[in-house]
Amino acid sequence: MKKDKCSASSLKNFRAKVWRHYRLRKRDLPWRHTKNPYHILVSEIMLQQTQVDRVIPKFQQFLLTFPTLKALAAAPFSDVLEQWQGLGYNRRAKYLKLAAEYAIKNHRGRLPETEVELKKLPGIGPYTAAAIAAFAFNQPTVLIETNIRTVFLHEFFSNETDVPDSTILPIIAATVSRRRAGEWYQALMDFGAHLKKTHGNANRRSLHYTKQSSFTGSNRQLRGQIVRELTLTSSISLPALKRLTNNDRRLVKILGQLEREGFILKAGNSISLAL
DNA sequence: CTCCGGGAAC
DNA sequence: GTTCCCGGAG
């Protein structure tokens, strides 16, 4: 009986368990059939805070509409935003197009291959930079997201609460496959998704666990409605938008934010999506 | 720290 | 009605 949960033999058993689950229960996901860095990028941005089942059809349609990094960079923002409707977090659509433009301008039309360079792209933070490096370029980066967090909380911190990621990351680094990093992380995510179905959500024991405020009646809801309206009509008057809410002051405030963030253009009383 | 979307499972 | 989602920016 090994006392140390992180002993060499424990880690070896853990790895074997994850690989075994992957062999038997691997999910067949569209972005696992490609090594195209652009396709990986699109999938990872879409998957930020968004369930796999909801991303799959959007991912495929998006790549039909914008087949290459160059096509995305050249496309009107309003077209990108239109494709994005239903996914939520419209800022991601903006960041994704800006990232494409950045790569065209600074990396000769390709995505950079290192974590440090990837993180410089808009919308790409610590997780996504490490994930693209692992999935597209097979680098043994260290990354954590909700499924991976679940796996390690379940396997190594089953009796602990308020576990910070900084405590988990060294174990992730100690267990990552040097030779098959991308596959390893896919296997971890599949195992984590499986654990959530069978054991509930261990992430509530993470130090970083938070519940988000309610959506109905929120600024986010109204903001989303405004953006969707604009993708449908291309141009709309302020009085027409006022029917979305009885709080004109809140509407004007959100419109100001959308304008500053580069989502919309205001010309007098006429409002349209930015190009 | 707060903000950001929206559909679906529960 | 509540929770969750292969997070990131300001």
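In the predicted model, the surface near DNA strand C draws at least two residues from each of five helices: H2 (37-47), H6 (91-106), H8 (126-137), H9 (146-156) and H11 (181-199). In total, 31 residues surround DNA strand C, and the closest of them are Gln 51, Val 52, Tyr 127, Lys 196 and Tyr 209. Of the atoms of DNA strand C that come within 4 Å of the protein, 70% are accounted for by sugar and phosphate.

Polar contacts to DNA strand C involve both phosphate and base atoms. Tyr 209, one of the closest residues to the strand, places a polar side-chain atom 2.5 Å from a phosphate oxygen. For Thr 128, the distance from a polar side-chain atom to a phosphate oxygen of DNA strand C is 2.6 Å. Trp 31 instead approaches a base: a polar atom of the Trp 31 side chain lies 3.2 Å from a base nitrogen of DNA strand C.

DNA strand B has 18 residues around it, of which Gln 51, Arg 54, Gly 88, Tyr 89 and Arg 223 come nearest. Gln 51 is thus listed both among the nearest residues to DNA strand B and among the closest to DNA strand C. Helix H12 (residues 219-233) gives the most to the surface near DNA strand B, supplying five residues. Sugar or phosphate makes up 52% of the atoms of DNA strand B within 4 Å of the protein, and bases make up the rest.

Base nitrogens of DNA strand B are approached by side-chain and backbone atoms of the protein. An N or O atom in the side chain of Arg 220 is 2.9 Å from a base nitrogen of DNA strand B. In the case of Thr 50, a side-chain N or O atom is 3.1 Å from a base nitrogen of this strand. Leu 87 contributes a backbone N or O atom, located 3.1 Å from a base nitrogen of DNA strand B.

Chain A itself contains 14 helices and three strands. Its C-alpha atoms fill a box of roughly 75 × 45 × 30 Å along the principal axes. Of the 275 residues in chain A, 46% are buried. Where contacts link residues at least 6 apart in the sequence of chain A, 66% of them join residues at least 24 apart. The accessible surface of the chain comes to about 14700 Å², with 51% belonging to carbon and sulfur atoms. Chain A carries 44 positive and 21 negative side chains, and a distance of 2 Å separates the centres of these two sets.

Notes. Residues numbered from 1 in each chain as written. Chains lettered and ligands numbered in written order. Predicted model: local features only at pLDDT ≥ 70, side-chain atom pairs only at ≥ 80, totals over all residues. Heavy atoms only, no water. Helix = DSSP H or I, 4+ residues; strand = E, 2+ residues; numbered from the N terminus. Buried < 20%, exposed > 50% of the residue type's maximum accessible area, 1.4 Å probe, protein only. Contact = heavy atoms within 4.5 Å. Areas by Shrake-Rupley, 256 points an atom, 1.4 Å probe, with all protein chains shown as cover. Lys, Arg positive; Asp, Glu negative; His and termini not counted. Charge placed at Lys NZ, Arg CZ, Asp CG, Glu CD. Near = heavy atom within 4 Å. Polar contact = N/O pair within 3.5 Å; in protein donor to acceptor, adjacent residues only side chain to side chain.
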